[in-house]
Amino acid sequence: MPGKIARKYADLISSRSKLVVAIILLLTVIVGGGVAVGEMDEAGLGEFEIDSPETEASDFIAENYGQQEGVVSQIVVRDEGGNVLTQDSLVAGLEFQQTVQDDDDLNATLDGDGFIGVENVLGSAAYFQAGEPPQSTPNVTEQRNALANLSDDEFDGLLESTLDPDADIPGDQDPYQFLPTAYEPGDTTSEARLTLLLQIDDSGEDEDPQAAYDAQVQIQQLLADQFDDAFIFGQGISNEASSQATGDSFAIITPFALIIIIVVLGVAYRDVLDFLLAIGGIALVLIWMAGIMGWLEIPMNVILIAVPFLLVGLSIDYALHVVMRYREAGYGRLDVQQNGEEQADGKKGETNAEPEKRESNPPDDGLSRAMYLLIEGIRDDKAARTVSDEARDDSDEVAPAVRIRAAMAAGLASVILAIGAATFSTSVGFFSNIVSPLPAIRDFAVLSGAGILATFVIFGAFIPALKTEIDTVAEERFGWNRLKPAFGVGESIANRLLSGIAASVSRVPVGVIIIAFLLATGGAYGATTIDTEFNQADFLPEDPPDWTSNLPGPLQPGSYTISDDFEYLSTNFQLQGDDSQSQILIRPNGGEVTDEDVLPAIDNATADVDPDSSIVMRSDGTAAIEGPHTVLRDVASDHDELNAKINDRDQTGNGLPDEDVQEVYDLLFELEEQSAANVLSRDNGEITSARLIISVQRAESVQTIADDTAVIADRIEADTTGITAVATGIPVTEAVLQDALLENLVQAFAITLVIILAFLTLLFWFKYRAPSFGPVVLAPVVASLAWLLGVMSVLDISFNSETAVVTSLAIGLGVDYSIHAGERFIDERERHDSLEDALQATITGTGGALLASAGTTAAAFGVLALSLAPPLQRFGIVTGTAVAFAFFACITVLPCLLVVRERLKDRGS
């Protein structure tokens, strides 16, 4: 039954080719119109939603403590081996700030004066030292003038007094927060200093503050003009560097990729028209993909980067199979002679010219049946009869139109079922992700599944119909011979290579299977050791390798220091901003936050932090953690009233109250409400929660930060009764989201494999009554996936949400390759008495198309490993390896499994 459906479908496409082309072009206009209708917004990982204690705690903090408003960036001025706390350097820092403020466009993005740094602390101190009242707030110009007018001795004295640990500095800014964590309090020298750039976030909900980001890029240039060694790190700088690195990468890679695609496809097709048809088909698929995104209003996110590459890979594969089967039907396996003799499968047989006798015994073979139907006329198809009636000229030679349509019908009939099966299995596999709780994964499922179906429409209908029309016109009007040998068939290097593989695997199939199994086992073991962490630093561009300096001028990339800058910043400074801090939310769970055991538990847990953890350690060896315990001590040092109340209730001598904690907190709110409200929340005077703010090294992975934060939270819970302590904050919630995303993708892998296995089993049972073919065809896909994970482990490539999506290509393309080869083997097994001959025909026939397809896909996308952007590097390595392994498993492991299955079947019969 499936074979009859395939033949009818192929006959329809070849006989109604003009109508098929017109309909699909109309559909392309309609679907592609979604590009203009929809708005291509962007969605980041932060927009994923998932219910968890960490995200619930984050929401509570946002409602009860508020969130940081505006955009915060860090500016670092360095002088390695020197000193950035000189009068000239500090005055230069204030002059830089003044330059930024003098630019109206840049000044419009600043929040207030826009800058807070040690130069501002010293400038304000110099202003007050000149006799101005401490209540006033000097602007940057006043700070600069006051600091510049100091004599050397006056500056030295001011610097020493300001950096004195016991100094009482006017204003709220602590100069130590702008100096490296290794800075010794009281020193008057430092190799680096930090300045915060504060900007207004005037964007709407779920929008980026693009004006602030653009201003950061301009400010970076002004900073470079002012200092020899300084940098700014912010989201705008990161976005600009990533965008530029991506552009530079594609400028370098695109020529290589195009050359590879042109050479490989050129060698495979050896025909300009077929090559252009393939490229045109790929373009149409991408138009459909973009249109689907528009109509469904799917926002762009980092996960969707894999979709166009998947579709391009499938497009190349489908195109090659359709064209090569067409060529085999028209050139290598079917040759209609002028005298009416038909030559099929290389054997010449008699052909009765009388339709009645031919009809009484219609050929079973799909190829010759297609020729029979087209030459004699499909009796219930007027259009086909018209073609038949007008197909012969005066010499009774079969016209090109008939021969071309017959070849297309025959070739398409022999491959469309495999293409349809591959389309169904891969699209359903990707569609299985639609149950994900994560919006971006659901978008990925819809777009990839719909894109795969679009690929089938274009290359399973449009391209065969269009090729039929083009080849007919080329032969009838221009006399161009459009029948060419298929790639891998005949005397060629590819044929000898594939023939050698076929001969080798048929001799020692069990040995090949054992080796493949051992390699898969090793890969599976390696998968257990793969790092699954997600690190922000892994996405920052790196400085280009030395070989890029030999490229022509236009192709030479820029210099990228952002990765090193981020590492330096994260390692040496206590960063500001919510994304550089984790938090712990402490709430009652049967007890009270004001219970006597809570403050000691917080103090003990934060005093014993592993110095090798991701938590920032100050120069005095204490962790950079702010909480109720630190605020109480800081405010008590400035207010005798609070100090006395604490001392009266401090029985352990640790500077914290052991009783009447609620009363102490009430006084704290009276004296320093802003400081108290930063670490305590209350409702009608009752304390409802407390929080710890933890400075972390953002260069560490979010999972490491989450784990280190959870260690402190767990200790607090263990030392208290009736209290919950939950690790949260941007790095922690990002880790939760990434872990949930990875878990979801792994579950989707399993669901995909089960669905594909069930589909293939049913397909082969229904068509051939051979359900065991399903597991056999899927086994090489699983093996290649295990090999891929092993290579990722060896190359130290993390298996996270990014690479998990990329590895889905291994399943999509692997299943596609295996179905083609499995279907071809079954077809060839019916044609050949010898198992070895069937295997030889399968590997040299379908293997040739697979070789061209895999070679093009793997090489073209593999060159992304040369990218300057780490995500593109990983994408290139993983994709190229996945495609290569999928192809290798298909032409080695699958044939061996088929041979063993046949031999076991023969022994059992």
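Mentor: A residue is called buried when its relative accessible area is under 20%, exposed when over 50%, and partly exposed in between, with a 1.4 Å probe and protein chains only. The structure is a predicted model, in which local features need pLDDT of at least 70, side-chain atom pairs count only at pLDDT 80 or more, and totals for chains, interfaces and linings use all residues. Residues are numbered from 1 along each chain as its sequence is written, and side-chain values use heavy atoms, with hydrogens and water left out.

Trainee: Why is Leu19 called partly exposed?

Mentor: The relative accessible area of Leu19 is 46%. That value lies between the limits of 20% and 50%, so the term partly exposed applies.

Trainee: What makes Leu19, Ile23, Leu26, Leu27 and Ile30 a nonpolar patch?

Mentor: A patch is made of residues with over 30% relative accessible area and no salt bridge (a side-chain nitrogen of Lys or Arg within 4 Å of a carboxyl oxygen of Asp or Glu); like charges are joined within 9 Å, and nonpolar side chains (Val, Leu, Ile, Met, Phe, Trp, Tyr) within 5 Å. These five residues form such a patch on the surface, with about 450 Å² of accessible area together. Leu19 belongs to helix 2 (residues 17–32); helices are DSSP runs (H or I, at least four residues), numbered from the N terminus.

Trainee: Why is Met408 called buried?

Mentor: Its relative accessible area is 0%, which is under 20%, so Met408 is buried. Met408 is located in helix 17 (residues 400–431). Between Met408 and Ile13 the C-alpha to C-alpha distance is 8.6 Å, although 395 residues separate them in sequence.

Trainee: Why is helix 22 described as largely enclosed by the rest of the structure?

Mentor: Helix 22 (residues 598–607) has ten residues, and seven of them are buried, so the description holds. Among the buried ones are Val598, Leu599 and Asp603.

Trainee: What makes a space in this model a cavity?

Mentor: On a 1 Å grid over the protein atoms alone, a cavity is a set of points where a 1.4 Å probe fits but cannot get out, and lining residues have an atom within 4 Å of a point. Four cavities of 30 Å³ or more are found in the whole structure. The second largest has a volume of about 70 Å³, a volume being the space filled by probe spheres set on the points.

Trainee: Which helix supplies the largest share of the lining of the second largest cavity?

Mentor: Helix 31 does, with six residues.

Conventions. 1 Å grid on protein atoms, 1.4 Å probe; cavity = no way out; pocket = protein on both sides within 12 Å on 5 of 7 lines; lining within 4 Å. Helix = DSSP H or I, 4+ residues; strand = E, 2+ residues; numbered from the N terminus. Areas by Shrake-Rupley, 256 points an atom, 1.4 Å probe, with all protein chains shown as cover.
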